[in-house]
Amino acid sequence: MTDLSKYRNIGIFAHVDAGKTTTTERILKLTGKIHKIGEVHDGAATTDFMVQEQERGITIQSAATTCYWNGHQFNIIDTPGHVDFTIEVYRSLKVLDGGVGVFCGSGGVEPQSETNWRYANDSKVARIIYVNKLDRLGADFYRVVGQIKSVLAAKPLVMVLPIGTESEFVGVVDVLDRKAYIWDDSGLPENFEVKPVPADMVDKVEQYRAELIEMAVEQDDDVMAAYLEGNEPDVPTLKRCIRKGTIALKFFPTYCGSSFKNKGVQQVLDAVVDYLPDPTEVPPQPEIDLEGNETGEFAIVDPEKPFRALAFKIMDDRFGSLTFTRIYSGKITKGDNVLNTFTGKTERIGRMVQMHANDRTMIDSAQAGDIIAIVGMKNVRTGHTLCDPDKPATLEPMVFPAPVISVAIAAKDKANSEKMGVALGKMVAEDPSFHVEVDQESGETILKGMGELHLDIKVDILKRTHGVEATVGEPRVAYRETITKAVSDQYIHKKQTGGSGQYAKIDYTIEPLPAGSGFVFESEVVGGNVPKEFVPAVEKGFKLMLNKGPLVGFPLLDIKVTLTDGGFHPVDSSQMAFETAAKAAYRQTTPKAAPELLEPIMKVDVFVPDANVGDVIGDLNRRRGVINGQEPTPTNVRIKANIPLGEMFGYIGDLRSNTSGRGQFSMEFSHYAPVPRSVLDKVREQVKEREAAKK
């Protein structure tokens, strides 16, 4: 049986271009997993194996790989940094025990770093921090440490200090053992010398070492008491305290280096072994029942306990469907049957593999703590629990954000249409933030996603990977509707035809709720004026209508319906009659409740050179942007703004022309807000044109 204390399940996450994938490549080289380093900018990185990733130099989907360091097994997931793919980060963090947060030495804490850090906090993942790219112009380790404190409200525990900076960066000083690690110019990670601390850094090292000891000893009362009496703890005791504090999320051991130049990565690997938890040191996953309530039981990381695993990613490749699975308890062997608690069906485990990016190694069994891929599972989706059929239980599922942008897509001919249907089915299974709908009236296929880049890549995969010839429409915004005033009303549904008729009378109030409340239904009927068995039919009728708002026909958000009174007929009343009455009541009353059109507002971060700030702010104002602030960074200015998604299509082109190609931006969904009258008229016009085109 494998020793679980030697396992480390870790993820590498950061903002776009902070060097996550390059760091992963260096780890694989140092651990002997690969013999030739592939570079992101050459399109040759091991974990960026999709054509789209190699061309664009970005990571699109998380990739898993396994390697070994100092007798420990690392299961590593390299995650994307681009905001359109944060779903990959979220679901990876959900199944990991520890993480390495990579920050750019010159860019510092960037917008996506904040989002990923928030996800890691939500998932209670222990982390170490690695400040990368210290060889770059404008790099400043101490400034980034300051930003981690001020922007992320996190406590960095500085473990190493850089020797030199920018082009003069040659190595690091280990604060704990007071040794300098200096690399030569060969670029080889193993070519370093261990030397005494440079004379000009001795005072600084002692200052940071004193801070480190003070933070570490707080984790152990006995060590703290001895320290206060003047006894400094030895290095093994300090490491034990640092490990305890890291796992408890009290602080984050902080390292620095340059992955591209192969400097400082070994220290990060040692830190993963020394300070990040093994699977048994992480709070166990709570089990829930089929209604979503916690049972009080936990999936204890132990091979002898009943089998519990979470499918966190589906990937389709040339060998079939791969289900990436984190095993929380128990063990699994080829040929076993497992129960999917979501579908209620059992499936037989055929082939199991250990992944190395898109290569694989066949395995016959796996146990608690392992991250593996199962080949050929039919009905499993992201977030489903796999468990022992004799001892069923569900693990906490994943919650994914709703898409904010859509495009219409049409296949060129019947053959491509069939191909497109199969391909989209696979793509939806792989990515829970990607939705496909068919417009019932027009038969149009609508793709929905998290941003323009997200949908661009999906269309590219559809065309190149799956060979589908299709035409793509203009991007559309996912508008919503709501109401702004309460209205009390009555509706009587009477239908008299041959035989028994239909009768239902309802008195009700429709009122607005705060944003994010959803749909709430209450019945205040007393005295049996509406028999109890008909009340659910009224709720169902209203609920079924919410997809079509009264203004333009977009889904209606955040309303409460209260059934106050009503009437029935002993013969002609039925559930169908009350459901029909509720639907007609919705159509009658929502237009009277001052409906409003809502648009998605995006949180936008724009990075521009100092000289172009005025032009860029002027352009953002023209796009109905609200500027929330400006922050100077060493190389440019960061502008924070809230801007309607509808105004952001094609923004990258305008930004490039305003900044001579040097501007960058990222955006993520923030909230919904009411649209101005002019936008409402424009949206109405667009919807009319689409309706006319359908006919």
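Two exercises on sheets and the helices packed on them follow, based on a predicted model.

**Exercise 1.** Determine the strand order of the open sheet that contains β7, and place helix α9 on this sheet.

Solution.
1. Four strands make up this open sheet, in the order β7-β8-β9-β10, and their pairing is antiparallel.
2. The edges are β7 (160-163) and β10 (192-195), each of which pairs on one side only.
3. On average, neighbouring strands of the sheet are turned by 25° against each other, direction ignored.
4. Take the pair β8 (residues 171-174) and β9 (residues 179-183): four bridges join these antiparallel strands. Within the pair, Val 173 stands opposite Ala 180 of β9.
5. Helix α9 (residues 265-275) packs on the sheet and touches β7, β8, β9 and β10. The direction of α9 makes about 130° with that of β9.

**Exercise 2.** For the open sheet that contains β31, find the edge strands, and state which strands helix α12 lies across and which strands helix α13 touches.

Solution.
1. The order of the four strands is β31-β32-β34-β33, and the pairing is mixed.
2. Pairing on one side only identifies β31 (487-495) and β33 (519-523) as the edge strands.
3. The average turn between neighbouring strands here is 25°, direction ignored.
4. Strands β32 (residues 502-512) and β34 (residues 559-567) pair in the antiparallel sense over eight bridges. Opposite Ile 506 stands Gly 566 in β34.
5. Helix α12 (residues 535-545) lies across β32, β33 and β34, at about 155° to β33.
6. Helix α13 (residues 575-589) packs on the sheet with contacts to β31, β32 and β34, and its direction makes about 40° with that of β32.

Conventions. Residues are numbered from 1 along each chain as its sequence is written. This is a predicted model: local features need pLDDT of at least 70, side-chain atom pairs count only at pLDDT 80 or more; totals for chains, interfaces and linings use all residues. Side-chain values use heavy atoms; hydrogens and water are left out. Two strands pair if DSSP finds at least two bridges between them. Helices (H or I, at least four residues) and strands (E, at least two) are DSSP runs, numbered from the N terminus. Axes are lines fitted to C-alpha atoms, for helices over the stretch in contact, and angles run from 0 to 180 degrees between N-to-C directions. Contact means heavy atoms within 4.5 Å.
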